[in-house]
Amino acid sequence: MAATDLVGIVPRRMAVKVAIAEGLAVHPLPFALPPTLLAMIWHRRNSASHAHAWLRDQVSEILTLLDDLEQSSVGSLVLGSAGNLD
């Protein structure tokens, strides 16, 4: 919401998309953040499931593409109301 004094730290690509749609300001973080580790975990009974394997492959492919894009523009952004951050 553009009419709030709240801020959030989100990945750069998400921040830009949300900012455009919601009229928010996007600012670089004033400090460095360590990389975030994402992992998929499932019960072994689902390992042989073709549907489950397909879903894992889809998630892995999408996250790999996003990671490649993020590496080319490393960093996260602060997302907040357009008038609230200097």
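**Exercise 1. Locate Ile 62 and describe the nonpolar surface patch that holds it.**

Step 1: Ile 62 lies in helix H2; helices (H or I, at least four residues) and strands (E, at least two) are DSSP runs, numbered from the N terminus. This is a predicted model, in which local features need pLDDT of at least 70 and side-chain atom pairs count only at pLDDT 80 or more, while totals for chains, interfaces and linings use all residues. Residues are numbered from 1 along each chain as its sequence is written, and side-chain values use heavy atoms, with hydrogens and water left out.

Step 2: Together with Leu 38, Leu 63 and Leu 66, Ile 62 forms a nonpolar patch on the surface. Such patches consist of residues with over 30% relative accessible area and no salt bridge; like charges are joined within 9 Å, nonpolar side chains (Val, Leu, Ile, Met, Phe, Trp, Tyr) within 5 Å.

Step 3: The four share about 360 Å² of accessible area (Shrake-Rupley method, 1.4 Å probe; for residues, only the protein chains shown count as cover).

**Exercise 2. Examine the surroundings of Arg 56 in helix H2.**

Step 1: Helix H2 covers residues 50-72, and Arg 56 is part of it.

Step 2: Arg 56 is buried (under 20% relative accessible area; exposed is over 50%, partly exposed in between; 1.4 Å probe, protein chains only).

Step 3: Look for a partner, and you will find that Arg 56 has no salt bridge (a side-chain nitrogen of Lys or Arg within 4 Å of a carboxyl oxygen of Asp or Glu). The nearest side chain of opposite charge is that of Asp 57, 6.0 Å away; Lys and Arg count as positive, Asp and Glu as negative, and His and the chain ends are not counted.

Step 4: Leaving aside residues up to four places away in sequence, Arg 56 touches Met 40, Trp 42, Asn 46 and Ser 47 (contact: heavy atoms within 4.5 Å).

**Exercise 3. Classify His 27 by accessibility.**

Step 1: His 27 sits in strand S2.

Step 2: His 27 counts as partly exposed because its relative accessibility is 22%.

**Exercise 4. Compare the confidence of the strands with that of the whole protein.**

Step 1: The protein has a mean pLDDT of 76, and 74% of its residues reach 70 or more; pLDDT is the predictor's confidence in each residue, from 0 to 100.

Step 2: Strand S2 (residues 24-28) has the highest confidence, at a mean of 85, and strand S3 (residues 76-81) the lowest, at 46.

Step 3: Across residues 74-86 the pLDDT is below 50, yet this stretch has 56 contacts in the model beyond near neighbours in sequence.
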